[in-house]
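Please walk through this structure with the text below, keeping the sequence and the 3D view side by side. The account starts with a pocket and then moves outward to the rest of the chain.

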Amino acid sequence: AEAREYQLLFGQGTVGENDTVLLKDLKGRDIMTGDGLLNMGDGSLKFPYNKLTEATLQNVMNNLQLMSSADGTLEVAVIAGQNFMQGFGKLMGALGLKSNYPVTVEGSGSSKGINLTYSFYEWNGVRIYPVWHKWFDDPSRPHLTTRDGSWAESGRAIFVSLGRADVGTNNVELLTLGNRSFKMGTISGIDAGGSEMKTSVDGSHTHVLGETGIKCANMYGVAEMWKHSRTS
């Protein structure tokens with residue numbers, strides 16, 4: 001599941017011209033995959049930054065092709081690491097978005113607290129949905145550090161323009177053939193099959209099938225921001 005999620009965002013296609021498969025497994029069998037969302041986007045829409053400011057964010061939004069949803073709303077999802085999410089929240093607060101809303105107090109007595117988390121921000125007519133992608137902050141992965149000592153990947157962000165593209169369909173969609181997005185089943189053997197055992201193996205087999213692709217209709221609807229890593 002982790003490998004498939006990685007492929008949907010960052011994967012590189014393995015099928016070349018004339019349907020030539022460029023990647024094989026250890027048994028010589030073809031491994032056929034398409035580009036992930038980031039590699040479907042235009043390569044020029046990648047923006048390095050040192051500090052998240054209104055100017056750096058506006059630069060991305062100016063170059064990203066925005067598309068309207070069915071109700072006319074311009075919507076962008078920002079898939080990012082925790083460091084970016086924190087900086088983005090502070091920036092939105094500095095721009096006065098949070099101060100326009102009443103403070104939400106949840107609970108009562110000693111159990112009450114203040115909730116300052118928002119599912120979206122609307123800025124300059126564009127509704128932005130921040131989404132934390134935990135993979136950017138996975139401690140089991142190797143990390144480069146930035147000049148301020150934080151993880152470079154944690155400051156990474158992918159901007160995806162939602163809504164409908166010129167071709168009349170949603171700009172980004174998950175695709176699958178039939179109901180094969182995720183299927184799982186167990187073949188019972190001697191240990192649990194009883195009179196309905198399917199194999200003579202003293203055990204059981206669990207099979208998982210997942211066939212999901214992703215589509216991006218407009219290559220200018222995906223952009224990336226990444227932090228400079230530390231150089232020695």
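In this predicted model, the largest pocket has a lining of 17 residues. R4, Q7, G210, E211 and T212 are the lining residues that lie nearest its centre. The volume of this pocket is about 440 Å³. Two elements, α1 (2–10) and β11 (213–216), each contribute at least two residues to the lining. Of the contributors, α1 gives the most, with 4 residues. By residue class, the lining of the largest pocket divides into 7 nonpolar, 7 polar and 3 charged residues.

Strand β11 can be followed further through one of its residues, K215. Which residues does K215 touch, once its neighbours within four places in sequence are left aside? The contacts are M40, T169, N170, N171, V172, E173 and L175. For V172, a distance is also available: its C-alpha atom and that of K215 are separated by 5.5 Å, although the two residues are 43 residues apart along the chain.

One of the contacts of K215, M40, falls within the range of helix α2 (37–40). The same stretch of sequence leads to a second empty space, this time an enclosed one. How many cavities of 30 Å³ or more does the structure hold? There is 1, and about 30 Å³ of space lies in it. Its lining is made up of L38, G41, D42, L45, K46, V222, A223 and E224. Strand β12 (residues 222–227) supplies the largest share of that lining, 3 residues. In terms of class, the cavity lining divides into 4 nonpolar, 1 polar and 3 charged residues.

K46, one of the residues lining the cavity, is also where strand β1 (46–49) begins. Beyond β1 comes a loop that leads to α3 (54–63), and K51 lies in this loop. Is K51 buried or exposed? K51 counts as exposed because its relative accessibility is 63%, and the cut-off for that class is over 50%. The C-alpha atom of K51 is separated by 9.6 Å from that of F84, a residue 33 residues away along the chain.

The loop between α1 and α2 holds two residues with an unusual feature in common, N18 and D19. Phi of N18 is near 60 degrees, a positive value in a residue other than glycine. D19 likewise has a positive phi, of about 60 degrees, and is not a glycine. Where do these two side chains stand with respect to solvent? N18 has a relative accessibility of 76%, so it counts as exposed. D19 is at 66% and therefore counts as exposed too.

Another loop, between β4 (113–115) and β5 (121–123), contains S119. With a relative accessible area of 56%, S119 is exposed. Being exposed does not leave S119 without partners: leaving aside neighbours within four places in sequence, it is in contact with I128, Y129 and P130. Of these, P130 is 11 residues away along the chain, and its C-alpha atom is separated by 7.0 Å from that of S119.

These local sites belong to a chain of 232 residues with 5 helices and 12 strands. What radius of gyration does the chain have, set against a compact globule of 232 residues? Such a globule would be near 17 Å, but the chain has 22 Å. Taken along the principal axes, its C-alpha atoms fill a box of roughly 70 × 60 × 50 Å. Buried residues make up 32% of the chain. Among contacts between residues at least 6 apart in sequence, 67% join residues at least 24 apart; the pair K215 and V172, 43 residues apart along the chain and in contact, is one example.

How far the coordinates can be trusted is the last point. The mean pLDDT of the chain is 85, and 94% of its residues reach 70 or more. Confidence is highest in strand β7 (residues 157–161), at a mean of 94, and lowest in helix α5 (residues 190–193), at 71. Where pLDDT is low, the predicted coordinates should not be read in detail.

Definitions and conventions. Residues are numbered from 1 along each chain as its sequence is written. This is a predicted model: local features need pLDDT of at least 70, side-chain atom pairs count only at pLDDT 80 or more; totals for chains, interfaces and linings use all residues. Side-chain values use heavy atoms; hydrogens and water are left out. pLDDT is the predictor's confidence in each residue, from 0 to 100. On a 1 Å grid over the protein atoms alone, a cavity is a set of points where a 1.4 Å probe fits but cannot get out, and a pocket is an open set with protein on both sides within 12 Å along at least five of seven lines; lining residues have an atom within 4 Å of a point. Grid points are joined across faces, edges and corners, and a volume is the space filled by probe spheres set on the points. Ala, Val, Leu, Ile, Met, Phe, Trp, Tyr, Cys and Pro count as nonpolar, Asp, Glu, Lys and Arg as charged, and the others, Gly among them, as polar. The radius of gyration is taken over C-alpha atoms; the globule rule is 2.2 Å times the number of residues to the power 0.38. Buried means under 20% relative accessible area, exposed over 50%, partly exposed in between (1.4 Å probe, protein chains only). Contact means heavy atoms within 4.5 Å.
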